[in-house]
Amino acid sequence: MIRVEKLTKIFRRPRTFGGPFGALRTLVTRQYDERTAVDDISFDIAEGEVVGYLGPNGAGKSTTVKMLTGILTPTSGVVEVAGRVPWRDRHANARAVGVVFGQRSQLWWDLPLVESLRLVGDLYDVPAARFTASMKRMRDLLGLDDFLATPVRQLSLGQRMRGDLAAAMLYEPPILYLDEPTVGLDVLAKQAVREFILDTNRAGRTTVLLTTHDLADVEALCKRIILIDKGRVLYDGGIEDLVGAYAPPRRLVVHTDDGSHTYELTEGLKVPDLLANHAVRDLSIEEPDLESVIKRIYAA
Amino acid sequence: MAELTRALRLYWRLQRAAMRGAMQYRLNTVIGILTGAVYQGSGFAFIWVIMHTFPSMAGWSLPQIAFLYGMRLTAHALCMLPLSSLIGIDWLVREGEFDRILLRPLNPLVQVMAKRMGVGQLGDLLVGVVLLAVAGGAAGIAWTPGLLAFCAAAVVGGALVEAAFFLALSSTALRMLDTFALRVFVDDVFSRFGSYPMSVFGGVTQWVLTFVLPVAFVAYVPATVVLGKAVVPLAYASPLLGVALFAVAYRIWAGQLRHYQSVGA
Amino acid sequence: MIRSLRGMARIGLRFQFAYRSEVVLTSLTLIAQVFLLRMVWTAVYGERRQAADLTLEQLLAYLTLANLQTFATMPVITRLAHFRIRTGTVFFDLARPVGYLPQMAAFQAGHTAGALLLLSPVVPVVLLVGSITSTSHALPYAVALALGYVIGLLMALLICLIGFWTMETGAISLLYRLVSQFFAGTMVPLSFFPGALGVLADALPFKYLGYVPAAIYVGRLSSAEIARALLVELAWIAALWALLWALWRLAHRRVVINGG
């Protein structure tokens, strides 16, 4: 469904000048500043997969997503989404993908939510009958009925995000890009967003690419993750394999009268000696989680 | 053709939505229209006060200059009514709104144009049309259907000349260049100098305003035709210049669009 | 108190410098304006020596001066107050131990000082594009201009206060700028204004921002007229001061009620 091969994006900006004639000099300058945001990335995503695309801030996640959606033109390499080159065929690609930015709404600020959804329906040429059916599904799945008539600027963040999800899936695109869809939401709203994503993926075989900093999202939704940093792929594969391969050793915590001591459970640890040296009151074992794994990879 | 009617239909849908949104701030809308009218009205008041003392300016009478002023103003309003949201393009790019525009299956320029209604320009249009109507009667023009058609074409052509410069300069914002102040300046030159007979300036200035920044073609050249003052027959072709310049400007916009660099990483 | 006002003035000055690349283009706008006026007036004068008691040289010197004056003294605080009332940051201004209006006045003074500094390299160009004559009334000119500046400042403060009622002064301050510039006579000396328009322009205080000082400079006013003009300026300052004070008391009460 999505094919990325040796994809590279170098940003080239005219050098900006200060001073009284700065703006004019910037306008005519031939000097450029260059920065490589995405550096030789390759991956394939099959139909129906839900993939977590992870990396620290500035790793190149958004730049990749922007190339997948056709907003940016790659400097070199191949992008193919549903058999099309997104930046060359932007309109056709637009109809095939839904995009949700957690930080930025696509809804019309001053209008009731239902009007925004109607406008989206018009923009994507959704026929009336399909629109009605699709709306009904969204209303049921996302519980939109309570706030359909409310102007978007008066919606809570959780309601707004549900509205944005509806707008992105209204024309039933086969691919959904989610950029931090749960940022700033409370526990219940996060749960609602995750359930909607799972349902869309199960019911319509929608392919989902998810970027997030919330690893609970990833654990709840994705079987596979792609981990990038400084524009390069660090890991591409299943979550279990990642934890298996990169996990720090499990840790043994020994609780004594004068506090608790932590030991890494490695081959060399001699547990009997340890127990002999401490007045042990209790023992516990800490399992590594995804967060500790990823912290370790970033740090390396 | 089907694509064009679809674009027009969607433009109208989006523009109506923007208007419905703006109507929630009704007082602002009214003051905006009023300010537009007062701004342009005070420009004409200057001419009127001068010509109260002096009967003619470079051989033009008050009704003739009023006609020129009306033509320039109507052209300006026709240019800015649909394009006024381009004023905010720097903001659209900086805030990442332009990303969303590129994610939708509709021409990005049409989407930008439909972002906002140019309320102040309604005031311009009002003053411009009133001046054209009054001065068109008072300036002693021998109206024929042909001349009337030329006049309409000239106003549209003038609007396109101004729109071409506005669009070409605005498109630099897609590459994160800050040309806001420059755009304001160019717009100011069009407004300030476009409403006078070019012979007032003479020499180098007249040449620059005709061939470098073709302010003269927005209203002055076609007005000489309507008022029977045309010196070169080529003046009759002036409306075509707007079409040509706008076509070039659209190419520039499309070129800058290919080099669009979104904000952030 | 003096220290914090000086601080405010410094911010005003820095504010002006922060936008210095825009200042280059607005200076070009000023030059274009003076050039346009020169061309238009030269064209209408034609062969005439004099009109409304002004020779063309006097008129061009008048226009150059009047436009430089308005450009340098343009009020910025109406825009600032609009922004700060809308975003609610005005409450920080009100919480300071110095009065709101003195803060605004200090900011404007600093901003004007910045404008004068930035404008100084442009002045020769403007004088070249326009024209200037020497004057024998330098002192009365300076006094009239200084008093006129105070009048302009007081009126700008009044506009700022209106924002406490309407919450929206963007369009109002633009309208004010257009009207004040027109009646200040920056494009046409007031002596050209016909009939009722002339009477109106003569009665309004805007003429002290442009026409009166510039007319004193070019020797258009007699000594008696100058003395009278200066007295009327003082009267305007007193009247506007009183009005401002009364309005401030109302506005302040309003803010307290809103905030509580």
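Two residues are in contact if their C-beta atoms, placed from the backbone, lie within 7 Å. Keep that cut-off handy for the exercises below, and remember that you're working with a predicted model.

**Exercise 1. The B–C interface**

Work out how many residues of chain B and chain C are in contact, and which helix of chain B gives the largest share.

*Solution.*
- Step 1: Apply the cut-off. You get 26 residues of chain B in contact with 25 residues of chain C.
- Step 2: Sort the chain B side by helix. Helix H2 (26-53) and H9 of chain B each put in at least two residues.
- Step 3: Pick out the top contributor. That's H2(B), with 13 residues, the largest share of the side of chain B that touches chain C.
- Step 4: Check the chemistry. This side of chain B splits into 18 nonpolar, six polar and two charged residues.

**Exercise 2. The A–B interface**

Now turn to where chain B meets chain A, and find which helices of chain B each supply at least two residues.

*Solution.*
- Step 1: Take the totals. Chain A brings 32 residues to this contact and chain B brings 26 residues.
- Step 2: Go through the helices of chain B. Helix H1 (2-22), helix H5 (97-102) and helix H9 (180-193) each supply at least two residues.
- Step 3: Find the leader. H1(B) provides six residues, the largest share of the side of chain B that touches chain A.
- Step 4: Class the residues. On this side of chain B there are twelve nonpolar, seven polar and seven charged residues.

**Exercise 3. A three-stranded sheet in chain A**

Lay out the strand order of the open sheet that holds E10, E11 and E12 of chain A, and say which strands stand at the edges.

*Solution.*
- Step 1: Write down the order. The three strands run E11-E10-E12 in an open sheet, with antiparallel pairing.
- Step 2: Find the edges. Strand E11 (259-264) and strand E12 (280-286) each have a single partner strand, so one side of each has no neighbour in the sheet.
- Step 3: Add the twist, which averages 20° from one strand to the next.
- Step 4: Look at the pairings. Strand E10 (residues 251-256) of chain A pairs with E11(A) over six bridges, and Val253(A) sits opposite Thr262(A). E10(A) also pairs with E12(A) over six bridges, where Val254(A) faces Leu283(A).

**Exercise 4. Buried or in the open?**

Decide whether strands E5 and E12 of chain A are enclosed or in the open.

*Solution.*
- Step 1: Set the bar. A residue is buried if 20 or more other C-beta atoms lie within 10 Å of its own.
- Step 2: Test E5 (residues 97-101) of chain A. Five of the five residues pass, so this strand is largely enclosed by the rest of the structure.
- Step 3: Split E5(A) by direction. Val97(A), Val99(A) and Phe101(A) point one way, Gly98(A) and Val100(A) the other way, and all are buried.
- Step 4: Check its pairing. E5(A) runs parallel to strand E6 (residues 175-179) of chain A, joined by five bridges; Gly98(A) has Leu176(A) as its bridge partner.
- Step 5: Test E12(A). Of its seven residues the number buried is zero, so E12(A) lies largely in the open.

**Exercise 5. A helix pair in chain C**

Classify how H1 and H6 of chain C cross.

*Solution.*
- Step 1: Take the geometry. The axes of helix H1 (residues 2-18) and helix H6 (residues 100-119) of chain C come within 7 Å and cross at roughly 40°.
- Step 2: Name the class. H1(C) and H6(C) are therefore oblique to each other, and the crossing is right-handed.

Conventions: Residues are numbered from 1 along each chain as its sequence is written. Chains are lettered from A and ligands numbered from 1 in the order in which they are written. This is a predicted model: local features need pLDDT of at least 70, side-chain atom pairs count only at pLDDT 80 or more; totals for chains, interfaces and linings use all residues. Two strands pair if DSSP finds at least two bridges between them. Helices (H or I, at least four residues) and strands (E, at least two) are DSSP runs, numbered from the N terminus. Axes are lines fitted to C-alpha atoms, for helices over the stretch in contact, and angles run from 0 to 180 degrees between N-to-C directions. A residue is buried if 20 or more other C-beta atoms lie within 10 Å of its own, exposed if 12 or fewer, and partly exposed in between; C-beta atoms are placed from the backbone. Ala, Val, Leu, Ile, Met, Phe, Trp, Tyr, Cys and Pro count as nonpolar, Asp, Glu, Lys and Arg as charged, and the others, Gly among them, as polar. Angles under 35 degrees count as roughly parallel, over 145 as roughly antiparallel, 65 to 115 as roughly perpendicular and the rest as oblique. A crossing is left-handed if the near helix is turned anticlockwise from the far one by less than a right angle, and right-handed if clockwise.
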